[in-house]
Number of protein chains: 4
Amino acid sequence: MVILNLHDKRPIYVQLVDGIKEQVIKGILKPGDQILSIRQLAGQLSITPNTVSRAYQELERQKVIISVKGKGNYINDVPNFKRSEEKMEELKKLLTQLCIEWNFAGYNRGELIEVIDEIYNNLKKEESTCQ
Amino acid sequence: MVILNLHDKRPIYVQLVDGIKEQVIKGILKPGDQILSIRQLAGQLSITPNTVSRAYQELERQKVIISVKGKGNYINDVPNFKRSEEKMEELKKLLTQLCIEWNFAGYNRGELIEVIDEIYNNLKKEESTCQ
Amino acid sequence: MVILNLHDKRPIYVQLVDGIKEQVIKGILKPGDQILSIRQLAGQLSITPNTVSRAYQELERQKVIISVKGKGNYINDVPNFKRSEEKMEELKKLLTQLCIEWNFAGYNRGELIEVIDEIYNNLKKEESTCQ
Amino acid sequence: MVILNLHDKRPIYVQLVDGIKEQVIKGILKPGDQILSIRQLAGQLSITPNTVSRAYQELERQKVIISVKGKGNYINDVPNFKRSEEKMEELKKLLTQLCIEWNFAGYNRGELIEVIDEIYNNLKKEESTCQ
DNA sequence: GTGGTCTAGACCACG
DNA sequence: GTGGTCTAGACCACG
């Protein structure tokens, strides 16, 4: 389900982390769901298990999944929405950089909001198809 | 004027590129302005001229500045606000990733718009102080 | 395969860029082919890896190759034949300069076409030897 | 009459050399014509006389003009159309590079010929307006 | 003075 | 192994 893209400049393990987080937000993966084992996913994507392992470790660090030794990896059922000033500052910096690029690309604030709405709709679209 | 941040994961030359683009948007640097020479800026920041050179070459490629050999570097008078499908796709991907992070950090769409407004105000703040 | 020419006024990294693009057009390098690693090519040509790296980065910017960190560089499978007014204007200027030189060298339009045909034949020669 | 362009990557003295050669080909400057003195041209273009001097030296080397000490600089009346193998090889290399770029820009041989015809018409247009 | 290129190293992240 | 960044120098062309 996660699609790797060679043209994407993000490292493969980051693409995996982001891809799984996207599926969680879209509701494709739900709390308690077991995800593919490291070897299964590595085989499916034709990459080394090392890379998948790294992604899963990062996902566990971010409390997106929990690893149960000898059993598998599961989507965390604890809502991990802990707001932190630190994280907000980090996101604000990223957003500022994006706004600067947005300007230099010739787009304005209104168009930014439009695209954000489009993205938010997209992120929730899958959930409704399951209903 | 540009401040380097050692904790920032972006390479130094990217921080320079972003920093100068930010000053252009804020109106601190205006079309036609000559910016610091490679050696001057390198000295000021205690980095190798090579790194500044790389930043300036990237800025020229993006048409933010023009480099005149033997003379110096100048903020481009031709605004490079040409919209391109390609750039929009790139920005949309970045924005999607950011929205996902935003969600996992526990914030919603409304709060995103608020922060964007704050950023837009900030980017125009300097200009108004000159009036 | 790429041959550097010390008498050539073009910088080494530009000679590399042009040389590889020539091989792509001749069909010697095909989409998907992995090219020599930075270190391999640098060793072969007895130049610093930095210079090869710069050439490869320029080739990636031009979408001739794609660079995959930790893996290598590959000839891009997506042909980058997007016409742009801007590029055409640039080429027209170069061509005008060349025509002026051509005149001062004592040659006429007919001879120019002849040489162009010769060049076009040359650029496709390799491909036909493979058939 | 010669127009300098900061966005042009050629050094100023080369732009001068090329500009004057273009005027000779167009018939704007004719054999025997006296051209502006170094100081006149430098003043007109707001550049240092040093740079103009360098351009004139290069033009004399190429036998486009002749300098008469104490009198001035004149367009050479000796047709300087000496074909040389060496010059042809140099032009062929330039032309090959241009053809490669032409291809990567998405244009073909036919379009190249069209643009060449357009350029040749342009270079002779001025002459006919004088008739 | 200016920017452009290159060397010969180093260290890092990724796979 | 791979590419990416950076240092601390050097030399060059241009103005």
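How many bridges join strand β1 (residues 65-68) of chain C to strand β2 (residues 72-75) of chain C? In this predicted model, the count is four, and the two strands run antiparallel. One of the pairs is easy to pick out: C:S67 has C:N73 in β2(C) as its bridge partner. Together, β1(C) and β2(C) make a hairpin, with three residues between them. The turn holds C:G70, whose phi is positive at about 85 degrees. That glycine turns up again at the DNA, since C:G70 is among the closest residues to DNA strand E.

Chain A offers a sheet to look at. Here three strands form an open sheet in the order β1-β3-β2, with antiparallel pairing. The edges are taken by β1 (34-35) and β2 (65-68) of chain A; each has a single partner strand, so one side of each is left without a neighbour in the sheet. Two bridges tie β1(A) to β3 (residues 72-75) of chain A, again antiparallel, and A:I35 sits opposite A:N73 in β3(A). A helix joins in as well: α3 (residues 49-61) of chain A packs on the sheet and touches β2 and β3 of chain A. The direction of this helix makes about 115 degrees with that of β2(A).

Now for the DNA. Around DNA strand E there are 28 residues, and the closest are A:I12, B:S37, C:P11, C:I12 and C:G70. Several elements give two or more residues to this surface: α1 (12-26) of chain A, then α2 (38-45), α3 (49-61) and β2 (72-75) of chain B, and also α1 (12-26) and α3 (49-61) of chain C. The largest share, four residues, comes from α3(B). Sorted by class, the surface near DNA strand E has 15 polar, nine nonpolar and four charged residues.

DNA strand F is likewise surrounded by 28 residues, and here the closest are B:P11, B:I12, B:G70, C:S37 and D:I12. The elements that supply two or more residues are α1 and α3 of chain B, α2 (38-45), α3 and β2 of chain C, and α1 (12-26) of chain D. For DNA strand F, α3(C) brings the largest share, with four residues. The class make-up of the surface near DNA strand F is nine nonpolar, 15 polar and four charged residues.

Away from the DNA, how do chains A and B meet? Their contact takes 34 residues from chain A and 33 residues from chain B. On the chain B side, α1 (12-26), α4 (85-104) and α5 (109-130) each supply at least two residues. The biggest giver there is α4(B), with 15 residues. Of the chain B residues that touch chain A, 19 are nonpolar, nine are charged and five are polar.

As for how the two copies are arranged, chain B lands on chain A after a rotation of 179 degrees with 0.0 Å of shift along the axis, giving an RMSD of 0.2 Å. The two copies are therefore related as by a two-fold rotation axis. Within chain B, the residue that comes closest to this rotation axis is B:I113, with its C-alpha at 3.7 Å. The contact itself fits in with this picture: 100% of the interface residues of chain B are also interface residues in chain A, so the copies meet through the same surface.

Methods:
Residues numbered from 1 in each chain as written. Chains lettered and ligands numbered in written order. Predicted model: local features only at pLDDT ≥ 70, side-chain atom pairs only at ≥ 80, totals over all residues. Near = placed C-beta within 6 Å. Nonpolar A, V, L, I, M, F, W, Y, C, P; charged D, E, K, R; others polar. Contact = placed C-beta atoms within 7 Å. Pairing = 2+ DSSP bridges. Least-squares fit on C-alpha atoms with pLDDT ≥ 70 in both. Axes fitted to C-alpha atoms, helices over the stretch in contact; angles between N-to-C directions.
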